[in-house]
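Please look at the structure below together with its sequence, and follow the strands first and the charged side chains afterwards.

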Amino acid sequence: MKCLVAEDDEFNRLVILEMLALLYPAAAVAVAAGGVEAAALAAAQPFDIVLTDIDMPGLDGIGLLRHLREELGLSTPVVSVTAFAVVGDRERLLMSGFDGYVSKPIDMDELRRVLDPLVAAEVTP
């Protein structure tokens, strides 16, 4: 699996990377410190899945999703990993086009529950 993680907070990046390493030891993970960098990486190489924070400076997670879909024409699954966890946020983000939603603080079982079906459907042979 090739995964792109867009997260502007260094601690959160480390947590996500550690969880991905435990859940998917063979995964190749690229890291972007924000949406602009993630958009450039996605334009340069294919990924099986994208995990993105929502609240990032420059290009936020919703903007990144739109860029991937509209500008790059990608159908890669995109999962929001966000501290936006009040009533209605999950539904709003899923209706915006995200393929999955994980709230922070991240629960590894929840991350696996969201990612496993997407990874199984998208991993290239």
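In this predicted model, strands E3 and E4 run parallel and are joined by 3 bridges. Within this pairing, Thr52 stands opposite Ser80, a residue of E4. On its way from E3 to E4 the chain passes through H3, and the β-α-β crossover made in this manner is right-handed. E4 is also joined to strand E5, which covers residues 100–103, by 4 bridges, and these two strands again run parallel; here Val79 stands opposite Gly100 in E5.

How many of the residues of strand E4 are buried? In this strand, which comprises residues 78–82, 5 of 5 residues are buried. Both of its faces are covered, with Val78, Ser80 and Thr82 on one side and Val79 and Val81 on the other. A contrast is offered by Gly58, which is placed in the loop between strand E3 (49–52) and helix H3 (61–71): with a relative accessible area of 79%, Gly58 is exposed, because a residue counts as exposed when this value is over 50%.

Turning to the charged side chains, the whole structure holds 5 salt bridges, and the table lists some of them.

| Pair | Closest N to O distance | Relative accessibility |
|---|---|---|
| Asp53 and Lys104 | 3.3 Å | Asp53 5%, Lys104 18% |
| Asp99 and Arg69 | 2.8 Å | Asp99 37%, Arg69 26% |
| Arg92 and Asp89 | 3.6 Å | Arg92 36%, Asp89 11% |

Asp53 forms its salt bridge with Lys104. Asp53 lies in the loop between E3 and H3, whereas Lys104 lies in the loop between E5 and helix H5 (108–122), so the pair ties together parts that are 51 residues apart in sequence. Asp53 counts as buried, and Lys104 is buried as well. Both residues also belong to a network of salt bridges that includes Glu7.

The salt bridge between Asp99 and Arg69 likewise links distant parts of the chain, since Asp99 is in the loop between helix H4 (89–95) and E5 while Arg69 is in helix H3, 30 residues apart. Asp99 counts as partly exposed, and so does Arg69.

Where in the chain do Arg92 and Asp89 lie? They are both in helix H4, and because they are 3 residues apart there, about one helical turn separates them. Of these two, Arg92 is partly exposed, whereas Asp89 counts as buried.

Technical notes
Residues numbered from 1 in each chain as written. Predicted model: local features only at pLDDT ≥ 70, side-chain atom pairs only at ≥ 80, totals over all residues. Heavy atoms only, no water. Buried < 20%, exposed > 50% of the residue type's maximum accessible area, 1.4 Å probe, protein only. Pairing = 2+ DSSP bridges. Right-handed = clockwise from strand over helix to strand, strands pointing away. Salt bridge = Lys/Arg side-chain N within 4 Å of Asp/Glu carboxyl O.
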